[in-house]
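Biologist: Before I accept any label on this chain, I would like to see the rule behind it. Please show me the model first.

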Amino acid sequence: MNKDKYLNDSRFKDIKPFDKKVWLSSPTMHGEEIKYIQEAYDTNWMTTIGENINEVERQLKEKIGTNYCIGLATGTSALHMAVKLAGEKLYGRPKAGHGYLEGKKVFCSDMTFDATVNPVAYEGGEAVFIDTEYDTWNMDPVALEKAFEIYPEVKLVVLVHLYGVPAKIDELLEICNNHDALVIEDACESLGATYKGKQTGIFGNPASAISFNGNKIITGSSGGALLTNDEYSLNKVKKWSTQSREDAPWYQHEEIGYNYRMSNVIAGVIRGQVPYLEEHIEQKRAIYKTYKEGLKDLPITLNPYEEGISEPTFWLTCILIDEDALAPITYYETYSEYSIEPGKSSPSEILEALAAFNAEGRPIWKPMHAQPIYKDHPFITVEGRYKTVDVGMDIFRRGLCLPSDNKMTIEEQDKIIDIIHRCFE
Ligand SMILES: *Cc1c(COP(=O)(O)O)cnc(C)c1O
């Protein structure tokens, strides 16, 4: 990154870098976390069992409204367990060394973090990527319907709610029901967001996943949880995540196991954070609103949602540059080249300008079908639905995530808004 390029650019000449870095989304602690960590220490529950875990599981199932919650090491491990549950339900238990989805296709969100879809590969399945819609930046129901026409044998869908904005859940679930498909909901970015009054994380069948990774809306430093409504799934995941021990006086194994349980120390952090979830959401919503107001004169739009239907958390505020205001930019596999033009800008220019002044943005998740590791996988898009065929790539090409840290002051945010304006000068 060419920092001096921006520091010496006449457009930015009276702007000074932030003394303290403005983060994309960093942990916000409140004090109670340390009390619960201390409790774990004092009582010597320095393991993957204990009161903090029990309490976090209770808090989360109450908040989200599922019958059960099980604390796990990460959101990724929760997604892995969810995928295995679905695989077992659909296809039975494989022999050791074989995946639960071996040779099976699974429909997956395309524009997302790779942790959404990698668990399908862990189990030997083949992700088929479903294009994105422009109303919420999530899986397009029209493309999903088309995918079922092409691959009617598919019985599992993995969908995400990106950046804290719920997907078009009713439309997607109806299609899945019509095709007798199970649904795994990746709610790792959307904890606290609601769809028609219901919390995301409640819609997965057999299960949904949430994450407490360090940059999520509340955090345990790491950690995740699986949510489910059926007791069989709860017990299965408890077993698999603790090395699949059978009920015997010695270590007896009928199934492959994992060491995926949440630590009671980390659960202490999460336990202290859960009561602040709503406060964090309010802060994220205020950030989104301030950007919306501050950037309204620019040729950009913010990450959209279905007004009156969903209440997003806006975990990250993102912008999309209008096509005719996008300065020329070419994306290669691991870098981009762009030019600077008056009245226009590009994601790379804005991200580099922000970085030069010590603020952290992030590119939009690069679609999975465009990742080298998944390049041979089918990608389903609907021609004629939009002007653009590949919606995910279009949003990646024109979009970026803005600094959305809930400790950002209004002065800091105003300066970020100012920097963005100057990129368009
Ligand atoms: C963070 C995240 C995950 C993974 O969560 P970890 O706790 O980091 O393993 C999965 N999916 C999405 C969409 C995420 O943003």
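The exchange below takes up a strand, the cysteines and the pockets.

Modeller: This is a predicted model, in which local features need pLDDT of at least 70 and side-chain atom pairs count only at pLDDT 80 or more, while totals for chains, interfaces and linings use all residues. Residues are numbered from 1 along each chain as its sequence is written, and side-chain values use heavy atoms, with hydrogens and water left out.

Biologist: Why is strand 4 called largely enclosed?

Modeller: Buried means under 20% relative accessible area, exposed over 50%, and partly exposed in between, with a 1.4 Å probe and protein chains only. Five of the five residues of strand 4 (residues 156-160) are buried, so the rest of the structure largely encloses this strand. Leu156, Val158 and Val160 point one way and Val157 and Leu159 the other way, all of them buried. Strands here are DSSP runs of E, at least two residues, and helices are runs of H or I, at least four, both numbered from the N terminus.

Biologist: How do you know which strands pair with strand 4?

Modeller: Two strands pair if DSSP finds at least two bridges between them. Strand 2 (residues 105-109) has two bridges to strand 4 and runs parallel to it; phenylalanine 107 is partnered there by valine 157. Strand 5 (residues 182-186) is joined to strand 4 by five bridges, also in parallel, with valine 160 partnered by aspartate 186.

Biologist: Why is cysteine 176 not counted in a disulfide?

Modeller: A disulfide is a pair of cysteine sulfur atoms within 2.5 Å. The closest cysteine sulfur to that of cysteine 176 is in cysteine 108, 11 Å away, which is too far for a bond. Cysteine 423 is in no disulfide either, as the nearest cysteine sulfur, that of cysteine 401, is 16 Å away. By this rule the count is zero disulfides.

Biologist: What makes cysteine 423 buried or exposed?

Modeller: Its relative accessibility is 1%, so cysteine 423 counts as buried.

Biologist: What makes up the lining of the largest pocket?

Modeller: A pocket is an open set of points on a 1 Å grid over the protein atoms alone, where a 1.4 Å probe fits, with protein on both sides within 12 Å along at least five of seven lines; lining residues have an atom within 4 Å of a point. Here 19 residues line the largest pocket, with Tyr331, Ser336, Ser348, Leu351 and Pro363 nearest its centre. Helix 11 supplies the largest share, four residues.
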